[in-house]
Amino acid sequence: MSKLAQSVAGASAPPCCPSLTERELTEEEAEIAAAMFKALGDPVRLRLFSKVASHPDREACVCDIADVGVSQPTVSHHLKKLREAGLLLSERRGTWVYYRVAPAVLSALSGFLSMRD
């Protein structure tokens with residue numbers, strides 16, 4: 001499991017990094033944040049992440065989110081990258097895979113980008 005996944009995947013995990021305005025990042029914090037943003041840096045991955053995060057049940061079947069203008073194998077590749085980065089969790093139910101945003105990910109992202117005094 002990646003450092004990012006260890007930092008943000010668990011429900012009790014603290015956000016990966018302090019706010020950018022709070023203090024200078026350590027080398028490890030910068031690596032974690034960079035991995036998170038690298039995974040979200042692709043437009044297709046960002047759309048897939050958004051589709052899962054905004055889904056009414058906060059989880060989505062791959063069959064409900066695959067309409068992003070690329071082939072099914074490409075969708076699977078991008079979902080795998082999001083899982084490897086610790087941003088999404090997946091669960092197979094019968095023939096379908098369901099995805100949900102890993103706990104603490106959204107708060108980690110928003111906390112990192114927030115302006116704190």
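User: What pattern does the protein chain follow along the sequence?

Analyst: This is a predicted model. Read along the sequence, the pattern is α-α-α-β-α-α-β-β-α. That makes six helices and three strands in the protein chain.

User: How do the three strands sit in the sheet, and in what order?

Analyst: They form an open sheet. The order is E1-E3-E2, with antiparallel pairing. The edge strands are E1 (59–61) and E2 (88–93), each pairing on one side only. From one strand to the next, the twist averages 25°.

User: How many bridges between E2 and E3?

Analyst: Six, in the antiparallel sense. E3 covers residues 96–101. To find your place, look at Ser 90, which stands opposite Tyr 99 in E3.

User: Which helix lies across E2 and E3?

Analyst: Helix H5, residues 72–84. Helix H5 runs at about 120° to E2.

User: Switching to Phe 49. Where is it, and is it buried or exposed?

Analyst: Phe 49 is in helix H3, residues 43–54. Phe 49 is buried, because its relative accessible area is 6% and the cut-off for buried is under 20%.

User: What does Phe 49 touch?

Analyst: Leaving out residues up to four places away in sequence, Phe 49 touches Leu 40, Leu 82, Leu 87, Leu 88, Val 101, Val 105, Leu 106 and Leu 109. Take Leu 87 as one of them. Leu 87 and Phe 49 are 38 residues apart in sequence, yet 8.1 Å apart in space, C-alpha to C-alpha.

User: And for the whole chain, what share of contacts comes from residues 24 or more positions apart?

Analyst: 60% of the contacts with a separation of 6 or more. As for burial, 39% of the 117 residues are buried.

User: What about the surface? How much is accessible?

Analyst: About 6,700 Å² for the protein chain. Carbon and sulfur atoms hold 54% of that.

User: Which residues form a nonpolar patch there?

Analyst: Leu 20, Phe 37 and Leu 113. Together they have about 280 Å² of accessible area. Phe 37 is in helix H2, residues 27–40. Phe 37 counts as partly exposed, at 32% relative accessibility.

User: OK, salt bridges. How many?

Analyst: Six. One of them joins Lys 51 and Asp 67, with the closest N and O atoms 2.8 Å apart.

User: What does the pair Lys 51 and Asp 67 tie together?

Analyst: Lys 51 lies in helix H3, and Asp 67 in the loop between helix H4 (62–65) and H5, so the pair ties together parts that are 16 residues apart in sequence. Lys 51 is partly exposed, at 22% relative accessible area. Asp 67 counts as exposed, at 52%.

User: Where do Glu 84 and Lys 80 lie?

Analyst: Both are in helix H5, four residues apart, about one turn of the helix. They form a salt bridge, with the closest N and O atoms 3.9 Å apart. Glu 84 is partly exposed at 43%. Lys 80 is partly exposed too, at 42%.

User: Back to the strands. Which partner does Arg 93 meet in a salt bridge?

Analyst: Glu 91, at 3.5 Å from N to O. Arg 93 is partly exposed, with a relative accessible area of 32%. Glu 91 counts as partly exposed at 36%.

User: Which residues are joined into one network by salt bridges that share partners?

Analyst: Glu 59, Glu 91, Arg 93 and Arg 100.

Conventions:
Residues are numbered from 1 along each chain as its sequence is written. This is a predicted model: local features need pLDDT of at least 70, side-chain atom pairs count only at pLDDT 80 or more; totals for chains, interfaces and linings use all residues. Side-chain values use heavy atoms; hydrogens and water are left out. Helices (H or I, at least four residues) and strands (E, at least two) are DSSP runs, numbered from the N terminus. Buried means under 20% relative accessible area, exposed over 50%, partly exposed in between (1.4 Å probe, protein chains only). Contact means heavy atoms within 4.5 Å. Two strands pair if DSSP finds at least two bridges between them. Axes are lines fitted to C-alpha atoms, for helices over the stretch in contact, and angles run from 0 to 180 degrees between N-to-C directions. Patches are made of residues with over 30% relative accessible area and no salt bridge: like charges are joined within 9 Å, nonpolar side chains (Val, Leu, Ile, Met, Phe, Trp, Tyr) within 5 Å. Accessible areas come from the Shrake-Rupley method with a 1.4 Å probe; for residues, only the protein chains shown count as cover. A salt bridge is a side-chain nitrogen of Lys or Arg within 4 Å of a carboxyl oxygen of Asp or Glu.
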